[in-house]
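Work through the exercises below with the sequence and the coordinates at hand. Each task is followed by a solution in steps.

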Amino acid sequence: MTDNFTRNKFSDQLEAAGVPAHMHDWLSGHGVGALVAKMGIVFSELSAERAVATMPVEGNTQVVGILHGGAHMVLAETLGSFAAGIHAGPNAHAVGIEINGTHHRSIAAGTVTGTCTAVHLGRTLTTHEIVMTDEQGRRLSTCRITNLVRPNPKTS
């Protein structure tokens, strides 16, 4: 019964976040993460080479009413980490070791789209570039994340 509970525990969260059904088993024990759900991030494409997701500006703003710079970074890290995790495969996992971002323009309303593209998919390191755009396709920020691919711990 515990296995079925764990397997189904995050089904609604995974569906709401747009995670393709074939990936639900991979994420069934953890879901997409509380922060991803809280920020309203929804995936529309998810692979090691390319991942795309949207995030609403509303609810993710700073004190002056524009999208918080940290929200850009959350979207970037989410996309880059998911893509790296897919590349790592079922016997490994990805751990972020570096992320940076440059903010080009602000946004006060609407939806942000993050497009993550693989720069390097190696045996032990992955690097992805993530570009955030507004609904008119204007670049809001550019981020880069590097993840370390580690084997999963052996279980007895």
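The exercises concern a predicted model and go from the sheet to single side chains.

**Exercise 1.** Determine the order of the strands in the sheet and find which strands stand at its edges.

Solution. Step one is the order: six strands form an open sheet that reads β1-β2-β4-β5-β6-β3, with antiparallel pairing. Step two is the edges: β1 (42-46) and β3 (92-103) each have a single partner strand, so one side of each is left without a neighbour in the sheet. Step three is the twist: on average, neighbouring strands are turned by 20 degrees against each other, direction ignored.

**Exercise 2.** State which helix packs on this sheet and which strands the helix touches.

Solution. The helix is α5, residues 69-88. Its contacts on the sheet are with β1, β2, β3, β4, β5 (125-133) and β6 (139-151). The direction of α5 makes about 150 degrees with that of β3.

**Exercise 3.** Follow the strand pairing from β2 through β4 and β5 to β6, counting the bridges at each step.

Solution. Start with β2 (residues 50-56), which is joined to the antiparallel strand β4 (residues 111-121) by seven bridges. Within this pair, Thr54 stands opposite Thr113. Next, β4 and β5 pair in the antiparallel sense over eight bridges, and Thr117 has Glu129 in β5 as its bridge partner. These two strands form a hairpin with three residues between them. Last, β5 and β6 are paired over nine bridges, again antiparallel; here Leu125 faces Leu148 in β6. The hairpin of β5 and β6 has five residues between the strands, and Gly137 takes a positive phi near 85 degrees there. As for the covering of β5, seven of its nine residues are buried.

**Exercise 4.** Is His72 buried or exposed, and which residues is His72 in contact with beyond its neighbours within four places in sequence?

Solution. First locate the residue: His72 lies in helix α5. Its relative accessibility is 4%, and the cut-off for buried is under 20%, so His72 counts as buried. Then list the contacts, leaving aside neighbours within four places in sequence: Leu67, His103, Met132, Leu140 and Ser141.

**Exercise 5.** Find the aromatic pair of the structure and describe its geometry.

Solution. The structure holds one such pair. Phe43 and Phe82 are its members, with ring centres 4.9 Å apart and 45 degrees between the planes. Planes under 30 degrees apart would count as stacked and over 60 as edge-to-face, so the pair is classed as tilted. Now place the rings: Phe43 is in strand β1 and Phe82 in helix α5, so the pair ties together parts that are 39 residues apart in sequence. Finally, check the accessibility: Phe43 is buried at a relative accessible area of 4%, and Phe82 is buried at 11%.

**Exercise 6.** How many disulfides does the structure hold, and why is there no bond between Cys116 and Cys143?

Solution. A search of the whole structure finds zero disulfides. For Cys116, the nearest cysteine sulfur is that of Cys143, 10 Å away. A disulfide needs sulfur atoms within 2.5 Å; the sulfur of Cys143 is therefore too far from that of Cys116 for a bond. Both residues can then be checked for accessibility. Cys116 is buried, with a relative accessible area of 0%, and Cys143 is buried with 1%.

Terms used
Residues are numbered from 1 along each chain as its sequence is written. This is a predicted model: local features need pLDDT of at least 70, side-chain atom pairs count only at pLDDT 80 or more; totals for chains, interfaces and linings use all residues. Side-chain values use heavy atoms; hydrogens and water are left out. Two strands pair if DSSP finds at least two bridges between them. Helices (H or I, at least four residues) and strands (E, at least two) are DSSP runs, numbered from the N terminus. Axes are lines fitted to C-alpha atoms, for helices over the stretch in contact, and angles run from 0 to 180 degrees between N-to-C directions. Contact means heavy atoms within 4.5 Å. Buried means under 20% relative accessible area, exposed over 50%, partly exposed in between (1.4 Å probe, protein chains only). Rings of Phe, Tyr and Trp (its six-membered ring) pair if their centres lie within 6.5 Å; planes under 30 degrees apart count as stacked, over 60 as edge-to-face and the rest as tilted.
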